[in-house]
Amino acid sequence: MADTKHVVLIHGTWLRGDSWADTRAEFEQRGYTVHTPTLRFHDLPFEEGAKKVGPVSLRDYADDLVALVETLDSPPLILGHSLGGLIAQLVAARTQHAGLVAACTAPAAGIYSMYPSIARIFLGHYLQPRPWDKPLYPTAWKLFRSNISNTHTEQAVREMYDGLVCDSGRVYCEMAFPRLDRAKAATVDFAAITTPVLAIGGEYDRTVNPRLPRTTATKYPQGIYVEIPRSDHLIFVGVSLPVTMSRIDDWMARNHVLSAV
(Lines give C-alpha, C1' and ligand atoms only; values in the text may rest on other atoms or scores of the structure.)
Protein backbone atom coordinates (compact mmCIF):
# COMPACT_ATOMS: atom_id res chain seq x y z
CA MET A 1 0.00 0.00 0.00
CA ALA A 2 1.26 3.50 -0.81
CA ASP A 3 2.56 5.59 2.07
CA THR A 4 0.79 8.72 0.81
CA LYS A 5 -2.44 9.57 2.61
CA HIS A 6 -4.63 11.59 0.28
CA VAL A 7 -7.41 14.04 1.11
CA VAL A 8 -9.67 15.44 -1.62
CA LEU A 9 -11.51 18.65 -0.71
CA ILE A 10 -14.51 19.57 -2.87
CA HIS A 11 -15.68 23.15 -2.66
CA GLY A 12 -19.22 24.46 -2.75
CA THR A 13 -21.34 26.81 -4.86
CA TRP A 14 -19.69 29.93 -6.33
CA LEU A 15 -16.24 29.02 -5.02
CA ARG A 16 -12.92 27.70 -6.33
CA GLY A 17 -10.41 25.20 -5.03
CA ASP A 18 -8.32 27.96 -3.49
CA SER A 19 -11.15 28.70 -1.04
CA TRP A 20 -9.81 25.71 0.91
CA ALA A 21 -6.47 27.39 1.69
CA ASP A 22 -6.85 27.40 5.47
CA THR A 23 -8.39 23.92 5.63
CA ARG A 24 -5.74 22.58 3.28
CA ALA A 25 -3.05 23.91 5.61
CA GLU A 26 -4.70 22.15 8.56
CA PHE A 27 -4.67 18.78 6.78
CA GLU A 28 -1.13 19.28 5.51
CA GLN A 29 0.07 20.01 9.04
CA ARG A 30 -1.34 16.60 9.95
CA GLY A 31 0.77 14.94 7.26
CA TYR A 32 -1.79 14.45 4.49
CA THR A 33 -1.39 15.12 0.77
CA VAL A 34 -4.26 17.44 -0.06
CA HIS A 35 -6.01 17.96 -3.40
CA THR A 36 -8.26 20.99 -3.90
CA PRO A 37 -9.72 20.71 -7.41
CA THR A 38 -11.76 23.54 -8.90
CA LEU A 39 -15.11 22.56 -10.38
CA ARG A 40 -15.56 22.81 -14.15
CA PHE A 41 -15.42 26.40 -15.50
CA HIS A 42 -15.05 27.91 -12.00
CA ASP A 43 -11.42 28.71 -12.81
CA LEU A 44 -12.41 31.11 -15.61
CA PRO A 45 -12.80 34.88 -15.26
CA PHE A 46 -16.25 35.81 -13.98
CA GLU A 47 -18.02 36.72 -17.22
CA GLU A 48 -16.38 33.97 -19.26
CA GLY A 49 -17.37 31.38 -16.68
CA ALA A 50 -20.93 32.72 -16.61
CA LYS A 51 -21.26 32.04 -20.35
CA LYS A 52 -20.20 28.39 -19.99
CA VAL A 53 -21.23 27.04 -16.61
CA GLY A 54 -25.05 27.33 -16.81
CA PRO A 55 -25.85 23.98 -18.49
CA VAL A 56 -23.20 21.92 -16.66
CA SER A 57 -24.65 18.89 -14.84
CA LEU A 58 -23.91 17.34 -11.48
CA ARG A 59 -22.78 14.36 -13.56
CA ASP A 60 -20.11 16.53 -15.18
CA TYR A 61 -18.80 17.71 -11.82
CA ALA A 62 -18.80 14.13 -10.49
CA ASP A 63 -17.15 12.70 -13.61
CA ASP A 64 -14.27 15.18 -13.33
CA LEU A 65 -13.67 14.29 -9.70
CA VAL A 66 -13.99 10.54 -10.20
CA ALA A 67 -11.23 10.87 -12.79
CA LEU A 68 -9.07 12.70 -10.24
CA VAL A 69 -9.62 10.13 -7.47
CA GLU A 70 -8.79 7.29 -9.85
CA THR A 71 -5.33 8.79 -10.47
CA LEU A 72 -4.35 8.58 -6.79
CA ASP A 73 -2.14 5.75 -5.56
CA SER A 74 -4.29 4.99 -2.50
CA PRO A 75 -7.95 5.52 -1.50
CA PRO A 76 -8.44 9.08 -0.22
CA LEU A 77 -10.62 10.74 2.35
CA ILE A 78 -13.24 12.58 0.28
CA LEU A 79 -14.58 15.74 1.92
CA GLY A 80 -17.10 18.12 0.42
CA HIS A 81 -18.84 21.22 1.73
CA SER A 82 -22.34 22.38 0.74
CA LEU A 83 -22.79 21.54 -2.97
CA GLY A 84 -19.42 19.84 -2.63
CA GLY A 85 -20.94 17.59 0.04
CA LEU A 86 -23.40 16.16 -2.45
CA ILE A 87 -20.73 15.84 -5.13
CA ALA A 88 -18.50 14.05 -2.60
CA GLN A 89 -21.23 11.45 -2.06
CA LEU A 90 -21.69 10.95 -5.80
CA VAL A 91 -17.95 10.48 -6.21
CA ALA A 92 -17.59 8.18 -3.21
CA ALA A 93 -20.31 5.89 -4.58
CA ARG A 94 -18.18 5.34 -7.71
CA THR A 95 -14.65 5.12 -6.30
CA GLN A 96 -12.40 3.39 -3.81
CA HIS A 97 -12.03 5.73 -0.83
CA ALA A 98 -11.07 5.65 2.85
CA GLY A 99 -13.93 7.69 4.24
CA LEU A 100 -16.42 10.42 3.41
CA VAL A 101 -17.21 13.78 5.03
CA ALA A 102 -20.36 15.57 3.86
CA ALA A 103 -20.33 18.99 5.51
CA CYS A 104 -23.45 21.18 5.44
CA THR A 105 -24.31 19.07 2.42
CA ALA A 106 -26.66 19.94 -0.38
CA PRO A 107 -29.58 17.51 -0.67
CA ALA A 108 -29.42 14.20 -2.49
CA ALA A 109 -32.62 13.16 -4.26
CA GLY A 110 -35.17 11.91 -1.76
CA ILE A 111 -34.02 14.07 1.15
CA TYR A 112 -36.42 16.89 2.07
CA SER A 113 -34.83 20.28 1.49
CA MET A 114 -37.61 22.82 0.92
CA TYR A 115 -36.72 24.93 3.93
CA PRO A 116 -37.48 28.69 3.81
CA SER A 117 -33.81 29.51 4.37
CA ILE A 118 -32.82 27.80 1.12
CA ALA A 119 -35.69 29.41 -0.78
CA ARG A 120 -34.63 32.90 0.27
CA ILE A 121 -31.25 32.43 -1.38
CA PHE A 122 -32.12 30.55 -4.56
CA LEU A 123 -35.80 31.18 -5.41
CA GLY A 124 -35.03 34.07 -7.74
CA HIS A 125 -33.03 31.81 -10.02
CA TYR A 126 -35.98 29.48 -10.59
CA LEU A 127 -38.36 32.33 -11.47
CA GLN A 128 -36.58 33.18 -14.72
CA PRO A 129 -37.20 31.41 -18.05
CA ARG A 130 -35.19 28.20 -18.60
CA PRO A 131 -33.26 28.34 -15.30
CA TRP A 132 -31.62 25.00 -16.14
CA ASP A 133 -29.71 26.64 -18.98
CA LYS A 134 -28.56 29.79 -17.18
CA PRO A 135 -25.74 30.55 -14.76
CA LEU A 136 -26.52 30.83 -11.07
CA TYR A 137 -25.12 34.22 -10.08
CA PRO A 138 -23.75 34.83 -6.58
CA THR A 139 -26.26 36.18 -4.12
CA ALA A 140 -26.22 39.82 -3.06
CA TRP A 141 -23.86 40.79 -0.26
CA LYS A 142 -26.73 41.60 2.13
CA LEU A 143 -28.22 38.12 1.71
CA PHE A 144 -24.77 36.53 1.91
CA ARG A 145 -24.27 38.20 5.29
CA SER A 146 -27.71 37.39 6.68
CA ASN A 147 -28.15 33.82 5.44
CA ILE A 148 -24.71 32.35 4.68
CA SER A 149 -22.15 34.08 6.90
CA ASN A 150 -24.46 35.20 9.69
CA THR A 151 -22.18 34.28 12.61
CA HIS A 152 -18.87 35.35 11.08
CA THR A 153 -17.41 38.85 11.02
CA GLU A 154 -17.39 40.81 7.79
CA GLN A 155 -13.59 40.77 7.90
CA ALA A 156 -13.56 36.98 7.93
CA VAL A 157 -15.73 36.58 4.81
CA ARG A 158 -15.33 39.69 2.67
CA GLU A 159 -12.41 38.33 0.63
CA MET A 160 -14.32 35.10 0.01
CA TYR A 161 -17.36 36.99 -1.22
CA ASP A 162 -15.33 39.22 -3.53
CA GLY A 163 -13.92 36.11 -5.22
CA LEU A 164 -17.23 34.34 -5.93
CA VAL A 165 -17.97 33.11 -9.45
CA CYS A 166 -21.10 31.86 -11.21
CA ASP A 167 -22.32 28.30 -10.81
CA SER A 168 -24.55 25.97 -12.82
CA GLY A 169 -28.26 26.61 -13.06
CA ARG A 170 -28.77 23.05 -14.29
CA VAL A 171 -27.19 21.64 -11.14
CA TYR A 172 -29.66 23.58 -9.00
CA CYS A 173 -32.58 22.34 -11.09
CA GLU A 174 -31.31 18.75 -10.79
CA MET A 175 -31.28 19.12 -7.01
CA ALA A 176 -34.56 21.00 -6.66
CA PHE A 177 -36.60 18.90 -9.10
CA PRO A 178 -35.08 15.39 -9.06
CA ARG A 179 -38.34 13.76 -10.22
CA LEU A 180 -38.14 15.74 -13.47
CA ASP A 181 -34.58 14.67 -14.16
CA ARG A 182 -34.51 11.48 -16.21
CA ALA A 183 -30.74 11.19 -15.71
CA LYS A 184 -31.21 11.20 -11.90
CA ALA A 185 -28.09 13.30 -11.49
CA ALA A 186 -28.78 14.07 -7.81
CA THR A 187 -29.50 10.43 -6.87
CA VAL A 188 -26.82 8.93 -4.63
CA ASP A 189 -26.31 5.17 -4.47
CA PHE A 190 -26.18 5.16 -0.68
CA ALA A 191 -25.72 1.37 -0.53
CA ALA A 192 -22.48 1.63 -2.52
CA ILE A 193 -20.81 3.61 0.27
CA THR A 194 -19.84 1.27 3.10
CA THR A 195 -16.92 3.28 4.50
CA PRO A 196 -17.25 5.54 7.57
CA VAL A 197 -19.31 8.66 6.81
CA LEU A 198 -19.33 11.88 8.81
CA ALA A 199 -22.11 14.39 8.16
CA ILE A 200 -21.58 17.83 9.70
CA GLY A 201 -24.04 20.65 10.29
CA GLY A 202 -23.75 24.19 11.60
CA GLU A 203 -25.96 25.03 14.57
CA TYR A 204 -26.98 28.39 13.09
CA ASP A 205 -26.74 27.46 9.41
CA ARG A 206 -29.40 29.43 7.51
CA THR A 207 -28.36 28.02 4.13
CA VAL A 208 -28.56 24.28 4.76
CA ASN A 209 -30.85 23.43 7.65
CA PRO A 210 -28.97 21.09 10.06
CA ARG A 211 -31.79 18.56 9.61
CA LEU A 212 -30.49 17.92 6.11
CA PRO A 213 -26.99 16.63 7.01
CA ARG A 214 -28.51 14.88 10.03
CA THR A 215 -30.83 12.97 7.68
CA THR A 216 -27.96 12.31 5.29
CA ALA A 217 -26.05 10.50 8.05
CA THR A 218 -28.93 8.07 8.51
CA LYS A 219 -28.59 6.88 4.91
CA TYR A 220 -25.29 5.16 5.63
CA PRO A 221 -24.57 2.08 7.77
CA GLN A 222 -21.50 3.80 9.21
CA GLY A 223 -22.91 7.32 9.15
CA ILE A 224 -22.80 9.69 12.11
CA TYR A 225 -23.77 13.34 12.52
CA VAL A 226 -22.01 16.08 14.45
CA GLU A 227 -22.91 19.75 14.78
CA ILE A 228 -20.60 22.74 15.04
CA PRO A 229 -21.93 24.94 17.83
CA ARG A 230 -22.63 28.61 17.10
CA SER A 231 -21.52 28.26 13.46
CA ASP A 232 -23.27 29.36 10.30
CA HIS A 233 -22.86 27.66 6.91
CA LEU A 234 -19.15 28.46 6.73
CA ILE A 235 -17.86 25.85 9.17
CA PHE A 236 -14.38 25.85 7.59
CA VAL A 237 -13.89 29.60 8.02
CA GLY A 238 -12.42 31.66 10.85
CA VAL A 239 -13.19 30.64 14.42
CA SER A 240 -15.31 27.69 13.21
CA LEU A 241 -12.40 25.97 11.46
CA PRO A 242 -10.49 24.62 14.49
CA VAL A 243 -13.72 23.30 16.01
CA THR A 244 -14.65 21.56 12.77
CA MET A 245 -11.16 20.09 12.41
CA SER A 246 -11.30 18.74 15.95
CA ARG A 247 -14.54 16.91 15.13
CA ILE A 248 -12.99 15.47 11.97
CA ASP A 249 -9.83 14.46 13.85
CA ASP A 250 -11.87 12.62 16.45
CA TRP A 251 -13.99 10.84 13.83
CA MET A 252 -10.94 9.81 11.80
CA ALA A 253 -9.21 8.43 14.90
CA ARG A 254 -12.27 6.52 16.09
CA ASN A 255 -12.86 4.98 12.67
CA HIS A 256 -9.21 4.49 11.67
CA VAL A 257 -9.67 6.59 8.53
CA LEU A 258 -6.33 6.86 6.72
CA SER A 259 -4.80 4.95 9.60
CA ALA A 260 -2.52 1.94 9.36
CA VAL A 261 -4.57 0.21 12.07
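## A buried aspartate: Asp181

In this predicted model, the side chain of Asp181 reaches the backbone nitrogen of Ala183 at a distance of 3.2 Å. Asp181 is situated in the loop that runs between helix 8 and strand 7 (197-202). Apart from residues up to four places away in sequence, Asp181 touches Glu174 and Ala186.

Although Asp181 is buried, it takes part in no salt bridge. The nearest side chain of opposite charge belongs to Arg59, 5.7 Å away. A salt bridge requires a nitrogen and a carboxyl oxygen within 4 Å, so the separation of 5.7 Å between Asp181 and Arg59 does not qualify.

## The nonpolar cores

The largest nonpolar core has 52 residues, and Leu58 and Ile87 are the members that touch the most others. At least two residues of this core come from each of strand 1 (6-10), helix 2 (46-53), helix 3 (58-69), helix 4 (83-92), helix 5 (116-126), helix 7 (154-162) and helix 8 (169-176). Helix 4 supplies the largest share, namely seven residues. In soluble globular proteins, nonpolar side chains tend to be buried together.

When neighbours within four places in sequence are left aside, the contacts of Leu58 include Leu83, Leu86, Ile87 and Leu90. Leu58 is also in contact with Val171, Glu174, Met175, Ala185 and Ala186. Two of these partners, Glu174 and Ala186, are touched by Asp181 as well. A second core, separate from the one described above, comprises 25 residues, among them Leu79, Leu198, Ile235 and Phe236.

## The two faces of helix 5

Helix 5 has the buried residues Ser117, Ile118, Ile121, Phe122 and His125. Viewed down the helix axis, these buried residues fall within an arc of 90°, and they therefore line one face of helix 5. An α-helix has 3.6 residues a turn, so residues three or four places apart point the same way.

The buried residues of helix 5 pack against strand 5 (135-136), helix 6 (141-147) and helix 8. On the face turned away from this buried side, helix 5 carries the exposed residues Pro116, Arg120 and Gly124.

## Salt bridges

The whole structure contains ten salt bridges. One of them joins Arg40 to Asp60, with the closest N and O atoms 3.9 Å apart. This pair links distant parts of the chain, since Arg40 belongs to the loop between strand 2 (33-35) and helix 2, whereas Asp60 belongs to helix 3, 20 residues apart. Arg40 counts as partly exposed because its relative accessibility is 29%, and Asp60 is likewise partly exposed, with a relative accessible area of 22%.

Another salt bridge is formed by Arg158 and Asp162, whose closest N and O atoms are 3.2 Å apart. Because Arg158 and Asp162 are four residues apart in helix 7, about one helical turn separates them. Arg158 is partly exposed at 29% relative accessibility, while Asp162 counts as exposed at 53%.

The side chains of Arg214 and Glu227 also meet in a salt bridge, at 3.2 Å from N to O. Here too the pair links distant parts of the chain: Arg214 is in helix 9 (residues 211-217) and Glu227 is in strand 8 (residues 223-228), 13 residues apart. Arg214 is partly exposed, with 38% relative accessibility, and Glu227 is partly exposed, with a relative accessible area of 29%. In addition, Glu26, Arg30 and Asp249 are linked in a network of salt bridges.

## Residues with positive phi

Most residues other than glycine have a negative phi, and most peptide bonds are trans. Phe41 has a phi near 70°, a positive value in a residue other than glycine. Phe41 is placed in the loop between strand 2 and helix 2, the loop that also holds Arg40. With a relative accessible area of 28%, Phe41 is partly exposed.

Arg230 likewise shows a positive phi, near 65°, and is not a glycine. Arg230 lies in the loop between strand 8 and helix 10 (240-255). The relative accessible area of Arg230 is 60%, and this residue therefore counts as exposed.

Key: Residues numbered from 1 in each chain as written. Predicted model: local features only at pLDDT ≥ 70, side-chain atom pairs only at ≥ 80, totals over all residues. Heavy atoms only, no water. Core = buried A, V, L, I, M, F, W, Y, C linked by side-chain atoms within 4.5 Å. Buried < 20%, exposed > 50% of the residue type's maximum accessible area, 1.4 Å probe, protein only. Contact = heavy atoms within 4.5 Å. Lys, Arg positive; Asp, Glu negative; His and termini not counted. Polar contact = N/O pair within 3.5 Å; in protein donor to acceptor, adjacent residues only side chain to side chain. Arc of directions from axis to C-beta.
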